[in-house]
Structure formats: C-alpha cells, structure tokens
Amino acid sequence: MSAILVFAAGASQAATINVLREANNPHQSAYGMHANTGVEGSALDGAQISATFADGTTETLTWMANPTLYTENAGTENEVSYYGIDGSAVGERINFFMDWQGFEMTTSSLLSSISINVAPANVVFDTTTNLDTDPNGGSTIGSSYGFQFELYSEFVDLPGAINVAYSGIVNLAGALAVGDLFTTMTVDFSALATGGVLGSLNFLSDLDSMAVANDLTPVPLPASLALLLVGLLGMGLVGSRNKSDQPLQIA
C-alpha cells in the first residue's frame, strides 16, 4: 500500500482541521473486529493519554471505566445490576469524560496537544466513511462506517487550525492495511488563534472495538520501508493538504 495517506477538513467548519494518516508504527490483528464495533466510554479502560501544555510541561493519564455498580428494583424479583457505560481520565490540569458519544475535555492550563493511544483498550480509530460493501474499498472488513476527528457543533467556530495525525496503522492478519484503522490520534491545538485550548473542548472520532483482548500486536517495519519514510520526511513530501473524498497517496 502507499506509505502516507493525507486528508484535511472541508469548509463546513470555521476551524480548519488538517488530518494526516500515517503508515508508521504498524499493528496487526489476528482475530479482527468485534461483531458490535460500537465503543462507549467504559470500553476505553486502559487507554493512554499524553497532554502537552504551552509552557512545555506534560501529563500522562490512564483512562478508567466507571467502577460504580448500579442496581434497580433492589430486593425484588426484578432486581437488575449493571455498570455504567461511561469512563474518564483525570489529571491535575486536564480531564476527559466519555459516555456513548464523544470526548469531553476540560483543561485549566493552555493546552498545546494531546495524544490518545487506544490500543491498550483493544480499540482502534476508524477514520473512513466507506462501508465494507463499497466496491472502491477503503474499509477494513468488519469495521464498517467510520469518521475522522470532528468538533462538537458548539465548538466549530474556533478561529485558526487544528492539526490531527493518526498513527499506528492496523491491518488484519493475512491482509495489507487498508489505511482506515489506527491505534493513536494526536491532536495539535497550537495553530489556533489562542495558541491552544483553555477551558472546555468536545470532539469526536469514530472508535471500533476488536473481537479478542490483547489482539493488537506491533509489527516491525521492514528496513526498506523505514528508510523510505525517512526519505519522504527529508524531502518535505509529508504534510497537510486540502481534503478530498479520496486519499492523496504518496508512494
């Protein structure tokens, strides 16, 4: 497959969102996608988040599922107990929350960037809208519909740009990576007019669950491909471009 797939956002949002999908740090799945790929906040348990602030300091957070056990109709024959669908990651200056929809982030210091690695939670980012049945391909079997980074509607008027990079490309055993699934999303807010994010920001990026726990195995890059990627970076061929419906392929 091609080494780099590049996207950027359309004009429907005031904030320009540039998205880069990188063919680095590959991972392989032996068992594929869960029959129900939907991911709620509780399913991200163990995911790792790194936050970098404008002053150069950092925080590392671990996502935790809500441990609360809820009970309805206690003491009756209709008693039902269940755990919540939400989860969170709590730091000193930055917090995240998610239930069934997207990430809700709050920071008390000017935030430059975040990196979210969902592989420890046995989850991947699904970045293309193609269906498995699309004759043009573009969707890993079992992953169905996905979408890239989006802001909640109340935040789309942010002036400036947000740069998003997906890495940790994922393939199914015995097949090449399609270029839709990734383990990690890095979001750079430093190109916003404010120089970063302070306060609240809510965003979405589609997530899919894998069928079997601990199934995402890192795959070493062949030396020739690693050299090719280094060469492309040195030539300045890797960067942000305007979005089209099809990926811009850089061989």
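Me: What makes β3 and β14 a pair, and which way do they run?
Reply: This is a predicted model, and in it three bridges join strand β3 (residues 27-29) to β14. Pairing takes at least two bridges, so with three bridges β3 and β14 count as paired. The two strands run parallel. One of the contacts in register is S29, whose bridge partner in β14 is L172.

Me: How do you know that β2 pairs with β14 too?
Reply: Same kind of check: six bridges join strand β2 (residues 16-22) to β14, against a requirement of at least two. These strands run parallel. If you want a spot to look at, L20 stands opposite A165 in β14.

Me: And β15, what sense does its pairing with β14 have?
Reply: Antiparallel, over six bridges. For an example, V164 has V187 in β15 as its bridge partner.

Me: Why is β14 called largely enclosed?
Reply: Because 11 of the 12 residues of β14 are buried, and buried means under 20% relative accessible area. That count is why the strand is described as largely enclosed by the rest of the structure.

Me: What happens after β14, at A173: where is it found?
Reply: A173 is found in the loop between β14 (161-172) and β15 (181-188).

Me: Why is A173 called partly exposed?
Reply: Its relative accessibility is 41%. Buried would need under 20% and exposed over 50%, so A173 lands in between and gets the label partly exposed.

Me: Which residues does A173 touch?
Reply: Leaving aside residues up to four places away in sequence, A173 touches Q28, S29 and A30. The C-alpha atoms of A173 and Y31 are separated by 7.8 Å, with their positions 142 residues apart along the chain.

Me: How many salt bridges does a search of the whole structure find?
Reply: Two. R93 meets D55 in one salt bridge, and R93 meets E59 in another.

Me: What makes R93 and D55 a salt bridge?
Reply: The N to O distance is 3.8 Å, and the cut-off is within 4 Å, so the pair qualifies. R93 lies in the loop between β9 (87-90) and β10 (94-98) and D55 in the loop between β4 (48-53) and β5 (58-62), so the pair ties together parts that are 38 residues apart in sequence.

Me: And how do you know that R93 and E59 make one?
Reply: Their N to O distance is 3.2 Å, again within 4 Å. The pair links distant parts of the chain, 34 residues apart, with E59 in strand β5. Put the pieces together and D55, E59 and R93 are linked in a network of salt bridges.

Me: Are the network's residues buried or exposed?
Reply: It's a mix. E59 sits at 10%, below the 20% limit, so E59 is buried. R93, at 21%, is partly exposed. D55 has 55%, and over 50% means exposed, so D55 is exposed.

Me: Which residues form the nonpolar patch on the surface?
Reply: Y70, V80 and Y82, with about 250 Å² of accessible area together.

Me: Why does V80 clear the accessibility limit for a patch?
Reply: V80 has a relative accessible area of 43%, and patch residues need over 30%, so V80 passes that test. You'll find V80 in strand β8 (residues 80-83).

Methods. Residues are numbered from 1 along each chain as its sequence is written. This is a predicted model: local features need pLDDT of at least 70, side-chain atom pairs count only at pLDDT 80 or more; totals for chains, interfaces and linings use all residues. Side-chain values use heavy atoms; hydrogens and water are left out. Patches are made of residues with over 30% relative accessible area and no salt bridge: like charges are joined within 9 Å, nonpolar side chains (Val, Leu, Ile, Met, Phe, Trp, Tyr) within 5 Å. Accessible areas come from the Shrake-Rupley method with a 1.4 Å probe; for residues, only the protein chains shown count as cover. A salt bridge is a side-chain nitrogen of Lys or Arg within 4 Å of a carboxyl oxygen of Asp or Glu. Helices (H or I, at least four residues) and strands (E, at least two) are DSSP runs, numbered from the N terminus. Buried means under 20% relative accessible area, exposed over 50%, partly exposed in between (1.4 Å probe, protein chains only). Contact means heavy atoms within 4.5 Å.
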